[in-house]
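Colleague: I've got a few minutes before class. Can you walk me through this one?
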Amino acid sequence: MASWDKDSAGKLPNQKLLSKVGSFAIYVNDNDNELQNNAGRPRTGDLVFDSIKLVGERDPYVPEEKPSEPSNAKLITIDDFESYADEAAMKEAWGNREHTDVLSLTTEDDGNKYLQYSNPHGGWLDVATFIQNDTARNNWTGLGKLTFRLKHDGSNNAMDLQIGTADGKYFHVDQKLASEDGADWKTVEIDLVNNPSLTQSWPEDENKGKTMTADDLALIKEVVIAGNTWTTIPGCELRRR
């Protein structure tokens, strides 16, 4: 705890305190005379911060429940599109729905490869990669986010993402292709567990509309992407497929 927090002196931050963080700050203290036997030294220069991250995953804090321990799960790369020998190989990997005519393997100026989805005719058209039998990619236990880079045409339509589990459930989220995003790459992060935007779309049973749980991450069947129409009317936004 901070030295000025007398009520918490000697305590470590706990999950209850970390469940609602109000600010983050970096302080530079002038302790030079203490450290250098009062010799003094210049107090100018630059501090450079390259990356500040929070690591590990915990379940959300719930009063009166035992907090979970941070996860040490390793990051999983679903696909970086670099290993394909050609476009045909990429389409085979993403051909679980047989709609690969909308896909192409494209290369940036710096040589990085990426998947391009183009559906000029509109409507729902899905492609998917099947990973259930791939032990390096199918167990997402302990992971908290699905992250990807995305650039798009600013059409205000939607990119749909579905995550299918081995027990037959599919969880669905829309990513709006907002015109204000611009034409540059952006990083998108989707929370996997207890995310009200990522909910069960199939089967249409009593759990439809419910969020993913930690148990759902134990065995993933496939990752599905599709183009969709995002329609807005006053007061609400509708998905149509």
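Modeller: Sure, one term before we begin: two strands pair if DSSP finds at least two bridges between them. Also, this is a predicted model.

Colleague: Okay. How many helices and strands does the protein have?
Modeller: There are 3 helices and 10 strands. Along the sequence the order is α-α-α-β-β-β-β-β-β-β-β-β-β.

Colleague: And how much of the protein counts as buried?
Modeller: Of its 241 residues, 29% count as buried.

Colleague: Let's use that pairing term. Which strand does β6 join through 3 bridges?
Modeller: That is strand β8, residues 199–202. β6 and β8 run antiparallel. In β8, Trp202 is the bridge partner of Tyr170.

Colleague: Is Trp202 buried, exposed or partly exposed?
Modeller: Trp202 has a relative accessible area of 48%. Buried means under 20% and exposed means over 50%, with partly exposed in between. So Trp202 is partly exposed.

Colleague: What about β6 itself, how many of its residues are buried?
Modeller: 6 of the 7 residues of β6 are buried. So β6 is largely enclosed by the rest of the structure.

Colleague: In what sense do β5 and β6 pair?
Modeller: They pair in the antiparallel sense, over 7 bridges. β5 covers residues 158–165, and β6 covers residues 170–176.

Colleague: Which residues stand opposite each other there?
Modeller: Here are two examples. Gly164 stands opposite Tyr170 in β6. Ala158 stands opposite Lys176 in β6.

Colleague: Hold on, Tyr170 came up before. How far apart are Gly164 and Trp202?
Modeller: Their C-alpha atoms are separated by 9.1 Å. Along the chain, the two residues are 38 residues apart. Tyr170 links the picture: Gly164 stands opposite Tyr170, and Trp202 is the bridge partner of Tyr170 in β8.

Colleague: How many residues sit between β5 and β6?
Modeller: There are 4, and the two strands form a hairpin. Gly168 is in the turn, with a positive phi of about 95°.

Colleague: How many residues of β5 are buried?
Modeller: 8 of its 8 residues are buried, and the strand is described as mostly covered.

Colleague: Which way do the β5 residues point?
Modeller: Ala158, Asp160, Gln162 and Gly164 point one way. Met159, Leu161, Ile163 and Thr165 point the other way. Residues on both sides are buried.

Colleague: New topic, rings. How many aromatic pairs are there?
Modeller: The structure holds 3 aromatic pairs. One of them is Phe81 with Tyr84, 6.4 Å centre to centre. Their planes are 45° apart, and the pair is tilted.

Colleague: Are Phe81 and Tyr84 buried or exposed?
Modeller: Phe81 is buried, with a relative accessible area of 15%. Tyr84 is buried too, at 12%.

Colleague: Which residues do the ring pairs link into a cluster?
Modeller: Phe81, Tyr84 and Trp94.

Colleague: And what lies over the face of Trp185?
Modeller: Arg149 does, at 4.3 Å from the ring centre.

Colleague: Last topic, pockets. What volume does the second largest pocket have?
Modeller: About 620 Å³. Of the 16 residues that line that pocket, Pro13, Leu18, Val21, Ser23 and Phe24 are the closest to its centre.

Colleague: How does that lining split by class?
Modeller: The lining of the second largest pocket has 12 nonpolar, 2 polar and 2 charged residues.

Terms used
Residues numbered from 1 in each chain as written. Predicted model: local features only at pLDDT ≥ 70, side-chain atom pairs only at ≥ 80, totals over all residues. Heavy atoms only, no water. 1 Å grid on protein atoms, 1.4 Å probe; cavity = no way out; pocket = protein on both sides within 12 Å on 5 of 7 lines; lining within 4 Å. Points joined across faces, edges and corners; volume = space filled by probe spheres on them. Nonpolar A, V, L, I, M, F, W, Y, C, P; charged D, E, K, R; others polar. Phe/Tyr/Trp six-rings, centres within 6.5 Å; stacked < 30°, edge-to-face > 60°. Buried < 20%, exposed > 50% of the residue type's maximum accessible area, 1.4 Å probe, protein only. Lys NZ or Arg CZ within 6 Å of the ring centre and 35° of its normal.
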